[in-house]
Amino acid sequence: MELKVIDAKGQVSGSLAVSDALFAREYNEALVHQLVTAYLANARSGNRAQKTRAEVNHSTKKPWRQKGTARARSGMTSSPLWRKGGRAFPNKPDENFTQKVNRKMYRAGMATILSQLARDERLFAIEALTAETPKTKVFAEQVKNLGLEQVLFVTKQLDENVYLASRNLPNVLVLEAQQVDPYSLLRYKKVVITKDAVAQLEEQWV
């Protein structure tokens, strides 16, 4: 499998031999869907909360007497049947949303995503990603020269200048190879990987 290598102007300057097991795998839509769903579910903080009948603000006084009113008997206004009453089965912050994906499935799913990106010509390699100064304007011009708008850069080791220059660009994300996730790979229109990051990805997932 050959991956296109682009230069600083976004022109194809050569090709890079990469592993077929990682970049030429058959597409598996169900596996990719499961991988992305699990990733987003595991990222949930579980911060929604509702109150039980013991937690709502209410009076403990009996609303009306037990008999003789021709109305249904009632003990407290905190009943789940009442308006502004507590919930019978409330959502709590400690609710667990995690979904398990075993290592073999995760590796296969990431290989499937990278392979499809390569087939769709959304995946490119680059010699290196550097920035002389931590200036966002300079780095934005560098990305513009590549002819890219919404792009994910993957490097082996994140340069501090690159991190500082890119963190305020809304359509640009720079990640280290060990931090790459399925959602980011699919979210951006183009993915650019440095040569040393390609070698590290092959070491991680092949």
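Colleague: Is Y39 buried, partly exposed or exposed, and what is its relative accessible area?
Modeller: In this predicted model, Y39 has a relative accessible area of 33%, and it counts as partly exposed because buried means under 20% and exposed means over 50%.

Colleague: Where is Y39 placed?
Modeller: Y39 belongs to helix 2, which covers residues 29-42.

Colleague: And which residues make the nonpolar surface patch?
Modeller: The patch is made by Y39 together with L40 and Y183, and its area is about 260 Å².

Colleague: Let me switch to D181; which residues does it touch, leaving out those up to four places away in sequence?
Modeller: With those sequence neighbours set aside, D181 touches Y39, which we have just discussed, as well as Y106, M110 and L175.

Colleague: Where is D181 found?
Modeller: D181 is found in the loop that runs between strand 5, residues 172-176, and helix 6, residues 182-187.

Colleague: What is the nearest side chain of opposite charge to D181, and how far away is it?
Modeller: That is R187, at 8.0 Å, and D181 has no salt bridge although it is buried. The absence follows from the cut-off, because a salt bridge needs the nitrogen and the carboxyl oxygen within 4 Å, and R187 is 8.0 Å away.

Colleague: Which backbone nitrogen does the side chain of D181 reach, then?
Modeller: The side chain of D181 reaches the backbone nitrogen of S184, at a distance of 2.7 Å.

Colleague: Back to charges: how many salt bridges does the count come to?
Modeller: The count comes to 4 salt bridges, and one of them is formed by K4 and E121, whose closest N and O atoms are 3.4 Å apart. That pair links distant parts of the chain, with K4 in strand 1 (residues 2-6) and E121 in the loop between helix 3 and strand 3 (123-126), 117 residues apart.

Colleague: Are K4 and E121 buried, partly exposed or exposed?
Modeller: K4 is partly exposed at 36% relative accessibility, and E121 is also partly exposed, with a relative accessible area of 47%.

Colleague: What does R48 form a salt bridge with?
Modeller: R48 forms a salt bridge with E95, and their closest N and O atoms are 3.2 Å apart. R48 and E95 both lie in the loop between helix 2 and helix 3, yet they are 47 residues apart, and the pair links distant parts of the chain. As for accessibility, R48 is partly exposed at 36%, and E95 is partly exposed at 33%.

Colleague: And which side chain meets E55 in a salt bridge?
Modeller: It is the side chain of K92, with an N to O distance of 2.9 Å. E55 and K92 are each in the loop between helix 2 and helix 3, with their positions 37 residues apart in the chain. E55 is partly exposed at 41% relative accessibility, while K92 is partly exposed at 25%.

Colleague: One last topic, the backbone: what is phi of A70?
Modeller: Phi of A70 is near 65 degrees, which is a positive value in a residue other than glycine. A70 is found in the loop between helix 2 and helix 3, and it counts as exposed because its relative accessibility is 83% and the cut-off is over 50%.

Colleague: And what is phi of K84?
Modeller: Phi of K84 is near 70 degrees, a positive value, and K84 is likewise a residue other than glycine. K84 lies in the loop between helix 2 and helix 3, and its 67% relative accessibility makes it exposed.

Terms used
Residues are numbered from 1 along each chain as its sequence is written. This is a predicted model: local features need pLDDT of at least 70, side-chain atom pairs count only at pLDDT 80 or more; totals for chains, interfaces and linings use all residues. Side-chain values use heavy atoms; hydrogens and water are left out. Helices (H or I, at least four residues) and strands (E, at least two) are DSSP runs, numbered from the N terminus. Buried means under 20% relative accessible area, exposed over 50%, partly exposed in between (1.4 Å probe, protein chains only). Lys and Arg count as positive and Asp and Glu as negative; His and the chain ends are not counted. A polar contact is a pair of N or O atoms within 3.5 Å; within protein, one must be able to donate a hydrogen and the other to accept it, and residues adjacent in sequence count only if both atoms are side-chain atoms. Contact means heavy atoms within 4.5 Å. Patches are made of residues with over 30% relative accessible area and no salt bridge: like charges are joined within 9 Å, nonpolar side chains (Val, Leu, Ile, Met, Phe, Trp, Tyr) within 5 Å. Accessible areas come from the Shrake-Rupley method with a 1.4 Å probe; for residues, only the protein chains shown count as cover.
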